[in-house]
Amino acid sequence: DGVPYWDGGYMGNPALWPFFSECQSNDIMIVQINPIERHETPKTAADINNRVNEITFNASLQRELRAIDFVARLIEDGRLENSNYERLLLHRIYDEEAFEGLNASSKLNAEFGFLDHLFSIGKRCAETWMAKHYDDIGERSTVDIRGMFE
């Protein structure tokens with residue numbers, strides 16, 4: 001009831017807004033599959049195109065995360081009344097190493113073995129996250145938004 005969903009009808013991240021405007025929970029879990037940062041500079045046309053796609057895909061998410069952080073700072077500074085605004089608790093599951101070698105073409109790979117591999121990565125990451133952060137749910141964010149963008 002009131003839980004938003006994403007129908008996959010476009011490329012890019014789904015908007016976070018419905019998750020905190022239409023739900024009773026203040027917790028938002030982000031399952032990240034695209035790196036925000038790459039350690040190597042892309043050199044080939046294919047690598048450059050792949051990186052442009054990653055940056056484009058992440059742009060809306062980064063914009064919303066910065067807005068969430070901005071509101072959180074206003075609340076911390078006492079410039080917004082807490083009764084009108086609630087602090088969001090953000091969480092993220094991401095395995096940088098697992099996705100480092102994947103390029104844009106992997107998003108079109110529907111082979112069972114590859115999907116099974118991704119499922120295994122996701123399951124392992126979720127289990128690791130839950131073991132480390134289960135008690136944080138409903139209490140505190142496990143993502144440092146400011147740190148992500150420094």
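The protein chain in this predicted model is built from 5 helices and 2 strands. Read from the N terminus, the elements come in the order α-β-α-β-α-α-α. There are 150 residues in the chain, and 27% of them count as buried. About 10600 Å² of the protein chain is exposed, with carbon and sulfur atoms supplying 53% of that area. What about contacts across the sequence? Taking contacts between residues at least 6 apart in sequence, 67% join residues that are at least 24 apart.

Next comes the inside of the fold. In soluble globular proteins, nonpolar side chains tend to be buried together. Here, the largest nonpolar core has 11 residues, namely L16, I28, I30, L61, L65, I68, L88, L90, V143, I145 and M148. Three elements, β1, α2 and α5 (145-148), each give two or more residues to this core. Which of them gives the most? That would be α2, with 3 residues. Apart from this core lies another one, of 5 residues, including I93, F99, I121 and W129.

L16 is a handy member of the 11-residue core to look at up close. Setting aside neighbours within four places in sequence, L16 is in contact with I28, L61, E64, L65 and I68. Most of those names are familiar from the core list, but E64 brings in a charge, and it deserves a look of its own. Helix α2, spanning residues 45-76, is where E64 lies. E64 is buried yet has no salt bridge. How far away is the nearest side chain of opposite charge? That side chain belongs to R63, and it is 7.1 Å away. Since a salt bridge needs the nitrogen within 4 Å of a carboxyl oxygen, a gap of 7.1 Å does not qualify. Not counting residues up to four places away in sequence, E64 touches P14, A15, L16 and W17.

Helix α2 has other buried residues to show. R51 lies in this helix, and R51 counts as buried because its relative accessible area is 14%, under the 20% limit. Leaving aside neighbours within four places in sequence, the contacts of R51 are P35, I36, E37, R38 and P42. F57 also has its place in helix α2. Is F57 buried or exposed? With 14% relative accessibility, F57 counts as buried. F57 and P35 sit 22 residues apart in sequence, and their C-alpha atoms are 9.9 Å apart in space.

On to the charged pairs. Side chains of opposite charge can pair when their charged atoms come close. Searching the whole structure turns up 8 salt bridges. One of them ties R38 to E54, with the closest N and O atoms 2.4 Å apart. This pair links distant parts of the chain, as R38 is in the loop between β1 and α2 while E54 is in helix α2, 16 residues apart. E54 has a relative accessible area of 2%, so E54 is buried.

D69 has a busier story. The side chain of D69 meets that of R73 in a salt bridge, at 3.2 Å from N to O. Both residues lie in helix α2, 4 residues apart, which is about one turn of the helix. D69 counts as buried, at 10% relative accessibility, whereas R73 counts as partly exposed, at 35%. D69 also forms a salt bridge with R146, with N and O 2.8 Å apart. Where do the two ends of this second bridge sit? R146 is in helix α5 and D69 is in helix α2, so the pair links distant parts of the chain, 77 residues apart. R146 counts as partly exposed because its relative accessibility is 34%. Salt bridges that share partners join D69, R73, E76, R87 and R146 into one network.

Finally, the surface has a nonpolar feature too. M29, V31 and I33 make a nonpolar surface patch of about 270 Å². M29 is found in strand β1, which covers residues 27-31. The relative accessible area of M29 is 36%, so M29 counts as partly exposed. Strand β1 also gives two or more residues to the 11-residue core.

Methods: Residues are numbered from 1 along each chain as its sequence is written. This is a predicted model: local features need pLDDT of at least 70, side-chain atom pairs count only at pLDDT 80 or more; totals for chains, interfaces and linings use all residues. Side-chain values use heavy atoms; hydrogens and water are left out. Buried means under 20% relative accessible area, exposed over 50%, partly exposed in between (1.4 Å probe, protein chains only). Contact means heavy atoms within 4.5 Å. Accessible areas come from the Shrake-Rupley method with a 1.4 Å probe; for residues, only the protein chains shown count as cover. Lys and Arg count as positive and Asp and Glu as negative; His and the chain ends are not counted. Patches are made of residues with over 30% relative accessible area and no salt bridge: like charges are joined within 9 Å, nonpolar side chains (Val, Leu, Ile, Met, Phe, Trp, Tyr) within 5 Å. A nonpolar core is a set of buried Ala, Val, Leu, Ile, Met, Phe, Trp, Tyr and Cys residues joined through side-chain atoms within 4.5 Å.
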